[in-house]
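Subject: Structure handover and findings

Dear colleague,

Please find below the structure that I am handing over to you. I should be grateful if you would read the notes beneath it with the structure open.

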Amino acid sequence: MTIRYIESSKLPTPWGIFSMHGFEDTANDKEHVVLSMGNLEGEEPVLSRIHSECLTGDALFSLRCDCGAQLQAAMHRIAQEGRGVIFYLRQEGRGIGLLNKIKAYNLQDKGADTVEANEALGFGADMRDYSILREMLEHLNIHALKLMTNNPRKVKALNDLGVNVVERIAHETGRNPHNAKYLETKKGKLGHLLEGKED
Ligand SMILES: Nc1nc2c(ncn2[C@@H]2O[C@H](COP(=O)(O)OP(=O)(O)OP(=O)(O)O)[C@@H](O)[C@H]2O)c(=O)[nH]1
């Protein structure tokens, strides 16, 4: 067991009042946050978003990706349903970290796509590890997820870990002229299920 539950509090947001739960990964001192609304217990699958940290998109309004829009859309959707959960995992830059992501962005400014940039820096295209989720789900008493994602590799990685994803809910939002190439690469090279929908 490397995940340690620390504390919970309220988090009022423009979409409603969430509960915020703090966890620490004692293996690497990373601090993770879970936002929840409503009663998560019981057999009914929980509307969920497993969101990897994107400081640039989530907090700095970057249009290079779709992360910020996806986070806000997930909060909105959960508030509308009155029940759901967002796991905000600190695996910035698909696991390569913020400073390496800035290096990758520099290479993308010079013409590389998001996969080529990671590989030129000596990383895999996607270095994320979702294994910590199992302990968090156990702590929150969540048994089954309806997962908001366009990423079938995320669903497979979770199912391989024994996390019960019973349904994938398309979560396409935030396309703009600055992230069009990025989204095309996600679709073409990373297998994301994207229809090219404009907001
Ligand atoms: N290395 C790298 N990471 C990026 C880039 N753009 C965004 N990211 C990171 O990509 C991750 C996106 O995470 P998610 O939105 O949870 O997942 P996803 O794989 O895009 O799949 P969805 O569930 O469909 O959104 C975040 O960690 C971002 O920081 C990029 O160009 N390079």
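The notes that follow treat the ligand surroundings, the strands, the helices and loops, and the database annotations.

Please bear in mind throughout that this is a predicted model.

**Surroundings of the ligand**

The ligand is surrounded by 22 residues, and the closest are Ser52, Cys54, Thr149, Asn150 and Asn151. Four elements give two or more residues to this shell: strand E4 (46-52), helix H2 (67-81), helix H3 (98-109) and helix H4 (114-120). In terms of character, the shell is made up of twelve polar, five charged and five nonpolar residues.

Where does the ligand lie with respect to domain 1 and domain 2? Residues of the shell come both from domain 1 (3-91 + 130-190) and from domain 2 (97-127), so the ligand lies between the two domains.

Serine 52, which is among the closest residues to the ligand, belongs to strand E4. Its C-beta atom has 19 others within 10 Å, and serine 52 is therefore classed as partly exposed; the class of buried residues begins at 20.

**Strands**

Strand E5 (residues 84-89) is mostly covered, with five of its six residues buried. Strand E5 pairs with E4 in the parallel sense through five bridges, and isoleucine 50 stands opposite phenylalanine 87 of E5. Strand E3 (residues 30-37) is also joined to E5 by five bridges, but here the two strands run antiparallel. In that pairing, methionine 37 stands opposite glycine 84 in E5.

Strand E4 also pairs with strand E6 (residues 145-148): three bridges join them, and the strands run parallel. The bridge partner of valine 46 in E6 is leucine 145. From E6 the pairing continues to strand E7 (residues 165-169), again parallel, over four bridges. Methionine 148 has isoleucine 169 of E7 opposite to it.

You can therefore follow the parallel pairings from E5 to E4, from E4 to E6 and from E6 to E7.

**Helices and loops**

Helix H3 has twelve residues, and the distance from its first C-alpha to its last is 16 Å, close to the 16 Å expected at 1.5 Å a residue. After H3 comes glycine 111, which has a positive phi near 120°.

Glutamate 116 is located in helix H4. With 16 other C-beta atoms within 10 Å, glutamate 116 is partly exposed. Its C-alpha atom is separated by 8.8 Å from that of alanine 104, and the two residues are twelve apart along the chain.

Two residues other than glycine deserve a look for their backbone angles. Phenylalanine 61 has a positive phi, near 65°, and sits in the loop between H1 and H2. It is exposed, because 8 other C-beta atoms lie within 10 Å. Arginine 94 likewise has a positive phi, near 50°, and is found in the loop between E5 and H3. Is arginine 94 buried or exposed? Arginine 94 is buried, because 22 other C-beta atoms lie within 10 Å.

The loop between helix H1 (55-59) and H2 also holds cysteine 65. This residue counts as buried, because it has 22 C-beta neighbours inside 10 Å.

**UniProt annotations**

The annotations below come from an unreviewed UniProt entry.

- "Domain: GTP cyclohydrolase II" is listed by UniProt for residues 8-169. In the model, the end C-alpha atoms of residues 8-169 are 27 Å apart, and the span is 35% helix and 28% strand.
- "Binding site" covers Cys54, Cys65 and Cys67 in the UniProt annotation. Among them, Cys54 is also one of the closest residues to the ligand.
- "Binding site" is also listed by UniProt for further residues, including Arg49, Ile50, His51, Ser52, Glu53, Arg94, Thr149 and Lys154. Of these, Ser52 and Thr149 are among the closest residues to the ligand.

Two of the residues described above thus return in the record: arginine 94, listed under "binding site", is the buried loop residue with 22 other C-beta atoms within 10 Å, and cysteine 65, covered by "binding site" as well, lies in the loop between H1 and H2.

With kind regards

Note on methods: Residues are numbered from 1 along each chain as its sequence is written. This is a predicted model: local features need pLDDT of at least 70, side-chain atom pairs count only at pLDDT 80 or more; totals for chains, interfaces and linings use all residues. A residue is near a molecule or strand if its C-beta atom, placed from the backbone, lies within 6 Å of it. Ala, Val, Leu, Ile, Met, Phe, Trp, Tyr, Cys and Pro count as nonpolar, Asp, Glu, Lys and Arg as charged, and the others, Gly among them, as polar. Domain bounds come from an automatic or database domain assignment. A residue is buried if 20 or more other C-beta atoms lie within 10 Å of its own, exposed if 12 or fewer, and partly exposed in between; C-beta atoms are placed from the backbone. Two strands pair if DSSP finds at least two bridges between them. The expected span of a helix is 1.5 Å times one less than its number of residues. UniProt positions are given in the numbering used here, feature names are shortened, and annotations may be inferred rather than shown by experiment.
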